[in-house]
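Trainee: I am new to this structure, and I would like to learn how to read it one feature at a time. Could we begin with a helix and work outward from there?

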Amino acid sequence: MTMLDTPIHLEYTFTPGIAQSRFLRGLAEGRFVGQRCPVCGKVYIPSRGSCPVDGVPTGEDVALPDTGIVTTYCVVNVPFAGQAIEIPYIAAQVLLDGANISFMGLIQEIPATDVRMGMRVQAVWVEPDELGPTLASVKYFKPTGGPDAPYESFEEYL
Amino acid sequence: MAEGDALIAAHVLDYPYSRSVGPVIGAFLTGLRDGRIVGARTPSGGVVVPPTEYDPQTGEDVGEIVEVGPAGTVESWAWVTTPGPKQPLDHPFAYALIRLDGATTSMLHVVDAGSPDALATGDRVVPRWKPAADRIGHVLDIEAFVPEGASGGGAASGGATATAGSAAGGAS
């Protein structure tokens, strides 16, 4: 005996909480739902249920469009265990129009060398019958071809 | 599935680890696959079972690998009334510290005694092996220890004739 298999199997019951459940249910309907802080007015997506600046609940749901910009991005060329996507791929921070925080999304339908900070993108959703309460409902973001956002317009989100 | 406003989902994480076992634990696992229990002789005169690569008393490297048991003495035990899904037996049993004959340490294993009334510290127990073809070099190649003289105990004692367990999968 030189090797021993020691697999670890963990079963969780996971709850994302009330605020993120609203976000996930929105995804199941093919739309983005964020929440606005009643004090500073910033819109968070996905919302954690409270404003990290003001420490107050973010009770108001805000429907956001599925368009936005790439604030920053990474071209992934390195394979790693458990990788679900074929390399190279682009993991980007996407700032939806009307949101005050970015979240991570894939960028496709463009060569990795052509991706830019400030590039305008739009979500590509899975087929309607495949939508579910999961980020997998968004296949990726694709360029819209619109003019890039000026750096000054998103520098506070980097 | 929803509870109140919050979603709930079942998540599973699987880590398919494998690890090298080294010469000492490797000898122990190889012994189990072959139906034998071995320990390591230490410079301070003990026999450690399961073997460690060092003398627990002095930290020195252990020496020769020696066969122990297969019978042993229960030094301490705890009865499991309602076994969980990951536990080694599906009916009530004891976890016990067993000092195998020839060993100077005790080994944690399972005693399939039927009832806590049938088990006492100091009792003599023997291993009940899995069939040779099912042994893979794992501590549960011994299904359980059973009271010496109980039916089924030592039934697979012809372990030295075991075929290599590689067909049983996983380990090599």
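Mentor: A helix can be checked by comparing its expected span with the distance between its ends, and in this predicted model the 12 residues of helix 1 of chain B should span 16 Å at 1.5 Å a residue, which agrees with its end C-alpha atoms, because these are 16 Å apart.

Trainee: Which residues of helix 1 of chain B are buried, and what do these buried residues pack against?

Mentor: To read burial, one asks how many other C-beta atoms surround a residue, the cut-off being 20 or more within 10 Å. In helix 1 of chain B the buried residues are V24(B), F28(B), L29(B), G31(B), L32(B) and R33(B). The buried residues of this helix pack against strand 5 (37-41) and strand 12 (142-147) of chain B, and also against strand 1 of chain A. Just after the helix comes G35(B), which takes a positive phi of about 85°.

Trainee: Since chain A has now come up, how many residues does each chain bring to the contact?

Mentor: One reads a contact between chains by listing who takes part on each side, and here chain B gives 25 residues while chain A gives 21 residues. On the side of chain B that touches chain A, at least two residues each come from strand 2 (6-7), strand 3 (9-15), strand 4 (18-20) and helix 1 (22-33) of chain B. Strand 3 of chain B supplies the largest share of that side, 7 residues. Sorted by class, the side of chain B that touches chain A holds 13 nonpolar, 8 polar and 4 charged residues.

Trainee: How many bridges join strand 1 of chain A to strand 4 of chain B, and in which sense do these strands run?

Mentor: Pairing is read from the bridges and from the directions of the two strands; strand 1 (residues 3-5) of chain A and strand 4 of chain B run antiparallel and are joined by 3 bridges. To place one of these pairs in the picture, find D5(A), whose bridge partner in strand 4 of chain B is S18(B).

Trainee: Turning to chain A as a whole, what elements does chain A have, and where is its confidence lowest?

Mentor: Chain A has 10 strands and 1 helix, and from the N terminus on the order of its elements is β-β-α-β-β-β-β-β-β-β-β. Confidence is read as a mean over a chain or an element, and for chain A the mean pLDDT is 94, with 100% of its residues at 70 or more. Within chain A, the lowest mean is 88, in strand 1 of chain A, and the highest is 98, in strand 9 (residues 120-125) of chain A. Of the 158 residues in chain A, 25% are buried.

Trainee: What is the strand order of the open sheet of 3 strands in chain A, and which strands stand at its edges?

Mentor: A sheet is read by following each strand to its neighbours, and this open sheet has the order 4-3-5 (chain A) with antiparallel pairing. Strand 4 (43-44) and strand 5 (60-64) of chain A are at the edges with a single partner strand each, so one side of each is left without a neighbour in the sheet. Helix 1 (residues 17-28) of chain A packs on the sheet and touches strand 3 and strand 5 of chain A, its direction making about 150° with that of strand 3 of chain A.

Trainee: With which strand of chain A does strand 6 of chain A pair over 8 bridges?

Mentor: That partner is strand 7 (residues 89-96) of chain A, in the antiparallel sense, and in this strand A92(A) is the bridge partner of Y73(A). Strand 6 (residues 67-76) of chain A is also joined by 3 bridges to strand 9 of chain A, again in an antiparallel run, with V121(A) in strand 9 as the bridge partner of G68(A).

Definitions and conventions. Residues numbered from 1 in each chain as written. Chains lettered and ligands numbered in written order. Predicted model: local features only at pLDDT ≥ 70, side-chain atom pairs only at ≥ 80, totals over all residues. Contact = placed C-beta atoms within 7 Å. Helix = DSSP H or I, 4+ residues; strand = E, 2+ residues; numbered from the N terminus. Nonpolar A, V, L, I, M, F, W, Y, C, P; charged D, E, K, R; others polar. Pairing = 2+ DSSP bridges. pLDDT = per-residue confidence, 0-100. Buried ≥ 20, exposed ≤ 12 C-beta atoms within 10 Å, placed from the backbone. Expected span 1.5 Å × (residues − 1). Axes fitted to C-alpha atoms, helices over the stretch in contact; angles between N-to-C directions.
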